[in-house]
Each structure stands twice: as C-alpha cells, then as structure tokens.
Amino acid sequence: MPVKPGQLGLRQSDALFHHTAALPALLEELSRQTDFSAVAAVGVSSRPRPVEGSYMPCFLAGVNAAASFALARGIPLAATTHQQGHIAAALFAAGGAELFGMETLVFHVSGGTTDLLLCRGTESILPLGTSSDLYAGQAVDRLGVALGYPFPAGSYVSEQAALCGERVRPKATVRGMDCSLSGLENQCKRLLEQGKDAPYVCKYCLLCVAETLTRMAQAALREHPGLPVVFAGGVMSSDLIRTYVTHRVSGARFVPGKFASDNAIGAAILAAREIKAWPISSM
C-alpha cells in the first residue's frame, strides 16, 4: 500500500481503494504460478475478530475477490477472521497440528494489536490481556517515522537497534496481564531530545516492548502454568525482542520467518479444516 512519507498508515477509504485496485493484478500474477483448477476451497478473512460488531471496510476487497473466485469455480467459500487467521498460522508454524488440540497462550503483537489470548485452536479464543492505549507496533512505527524512515518502520528500527552496543535498561507498565505503551512513545521522544542517538533509542524501544510482553506472559503463566506460549505478529519478527523473551519466558515459541506477520496461510488452514478439503497434517 502506498503510504506517503511522514504518514503513519492509510485511511480506511484509501486502503479499500488500493486493495481493490491491486487485487486483479495480484490474481493474474498468481495464476501464472498456480493451477487454479486444483484449488478446492477458498478461505478469506471477512472481519478483524470473531466478535459482534467487528468490522473494517477494507476487508470488503478481499471478501469480494474471494466470493467471485469461489462462485466462478463452483467451490466452497469459508469466511474466517483476521485474528483467527493469525492464530491458525501461528499455531501451525510453531507446532503443527499438535497445538490445535490443546490450550495455548497466544500473543498477537502488531501495529493494530497487542493481545494476549487463551486459545484452543481457533474455535475458543478468550482475551486475557491487551494494551489500554498504544499498540506495540504503533510505538515502533511512530519512532521510526520520527527518525525519517518510511512506514511501516519496524525493520529500520530493528536495523538501528542492532548497531547499539550500549547496555539499555528497559521499562514496562504492566498490571496483571494488561499493559500501557503510550508512555513508551513519550520516553523515546525525550531520549532523542536529550541527545541519545538513533541506535540507542531504537534498542530502548524494542527492549521495552520485549519487557512488556515478558511480564504479561509471566503473569499469564502464573494462572495457566505449563501452557505453551506462542508469539506472533509483525513486531515479533524483531531478533532483539525474540532473544530477550526467549531467555525469560518458559515455553516460548515463535512463528518462523515471514509467517510472524502473515495470516494468509491461516485462512487457508481454516478453510481446509472447515471444508475438510485436505488434512491439516499434510500441509
């Protein structure tokens, strides 16, 4: 999506337009790589979360494309949600079919969520904790854009943080399994005003996120001891955060590579499980 320099994302109306404009070309490209006649079912994220009133206009672009494709091919359409897709992708990538049949603590940490969920597969999702204000990805992106990097800025912030050899003491505001991250944005601004360089402030920002997630996970494990803890979402692609959390959270698992922030595989998994087009273990 084309985001202008200095901006922190797109309005929903603009996002819907750009999604709609991009999908035909993407489908054409995909058709050159994939035999569409072999597709047995279509999964699509139709809304953000599986709760009453969950809605965002830009989801309509994907729904329209998926419904049109399914009708044209005469194959089933399975509507799921963005959150369930991320959970499915995370469980599958972190542990395969094994994790779908047991209770799991799942973190979804991105620009739009900092959620701690108690899941049994994707059918039972119980929110345990979240941020009361700013989300982790927002804090990282706002710092990156303030430093002049394009949105989304997470990879640039991570690159800068890796250049810092100084010891950084992170702070976190956590009450039980809920957190607050609005103070982190102000702390980063203050550090820059005090003359701290970009690598130091970027490292501070990422470690504060890591410490926040660590405390939330430890609180959850006190109430649900022994459960695996799966971390997913774009923010968790940071090597610095993953290393910090790994050494402090028992049972931590991470979604490898690009699937940390990609729920497309999750929609496909959920479609397969619902339609029973193929067994989950064969994917």
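In this predicted model, helix H6 and helix H7 cross in a right-handed way. H6 covers residues 182-193 and H7 covers residues 198-223, and the two pack at an angle of about 160° with their axes 10 Å apart. An angle over 145 degrees counts as roughly antiparallel, so that is how H6 sits relative to H7. On the H6 side the contact is made by Leu184, Gln187, Cys188, Leu191 and Leu192. H7 answers with Tyr200, Val201, Tyr204, Cys205, Cys208 and Val209. Sorted by class, that makes ten nonpolar residues, one polar residue and no charged ones in the contact of H6 with H7.

A second helix pair is made up of H1 (residues 12-31) and H2 (residues 59-73). Here the axes come within 8 Å and cross at roughly 25°. With angles under 35 degrees counting as roughly parallel, H1 and H2 are therefore roughly parallel to each other. The crossing of H1 past H2 is right-handed. H1 brings Leu16, His19, Thr20 and Leu23 to the meeting, and H2 brings Leu60, Ala61, Gly62 and Ala65. The class count for H1 with H2 comes to five nonpolar and three polar residues, again with no charged ones.

Next comes the sheet. Five strands make it up, in the order S5-S4-S3-S8-S9, and the sheet is open with mixed pairing. The two edge places go to S5 (124-129) and S9; each has a single partner strand, so one side of each is left without a neighbour in the sheet. On average, and with direction ignored, neighbouring strands are turned by 30° against each other. H7 turns up here too, packing on the sheet and touching S3, S4, S5 and S8. The direction of H7 makes about 160° with that of S3.

The sheet can be walked through from the S5 edge. S4 (residues 114-120) pairs with S5 in the antiparallel sense, over five bridges. Within this pairing, Arg120 of S4 stands opposite Ser124 in S5, and Cys119 has Ile125 as its bridge partner in S5. S4 and S5 form a hairpin with three residues between the strands, and in that hairpin Gly121 takes a positive phi near 60°. For background, most residues other than glycine have a negative phi. S4 itself is mostly covered, with six of its seven residues buried.

On the other side of S4 lies S3. These two strands run antiparallel and are joined by seven bridges. His108 stands opposite Asp115 in S4. S3 and S4 also form a hairpin, this one with four residues between the strands.

From S3 (residues 103-109) the sheet carries on to S8, and this time the strands run parallel, joined by four bridges. Phe107 has Phe231 as its bridge partner in S8. S8 then pairs with S9 (residues 252-254), also in the parallel sense, over three bridges. There, Val230 stands opposite Arg253 in S9. S8 spans residues 229-232 and is covered on both faces: Val229 and Phe231 are buried on one side, and Val230 and Ala232 are buried on the other. Phe231 and Val230 thus turn up twice, with Phe231 as the partner of Phe107 and Val230 as the residue opposite Arg253.

Two loop sites round out the picture. Beyond S8, the loop that leads to helix H8 (239-246) holds Ser237. Ser237 has a relative accessibility of 45%, which is why this residue counts as partly exposed. Ser155 and Ser237 are separated by 82 residues in sequence, but their C-alpha atoms are 8.7 Å apart in space.

The other site is Pro152, in the loop between helix H4 (136-146) and helix H5 (154-161). The peptide bond from Phe151 to Pro152 is cis, with omega near -5°. As a general matter, most peptide bonds are trans.

Terms used: Residues are numbered from 1 along each chain as its sequence is written. This is a predicted model: local features need pLDDT of at least 70, side-chain atom pairs count only at pLDDT 80 or more; totals for chains, interfaces and linings use all residues. Side-chain values use heavy atoms; hydrogens and water are left out. Axes are lines fitted to C-alpha atoms, for helices over the stretch in contact, and angles run from 0 to 180 degrees between N-to-C directions. Angles under 35 degrees count as roughly parallel, over 145 as roughly antiparallel, 65 to 115 as roughly perpendicular and the rest as oblique. A crossing is left-handed if the near helix is turned anticlockwise from the far one by less than a right angle, and right-handed if clockwise. Contact means heavy atoms within 4.5 Å. Ala, Val, Leu, Ile, Met, Phe, Trp, Tyr, Cys and Pro count as nonpolar, Asp, Glu, Lys and Arg as charged, and the others, Gly among them, as polar. Buried means under 20% relative accessible area, exposed over 50%, partly exposed in between (1.4 Å probe, protein chains only). Two strands pair if DSSP finds at least two bridges between them.
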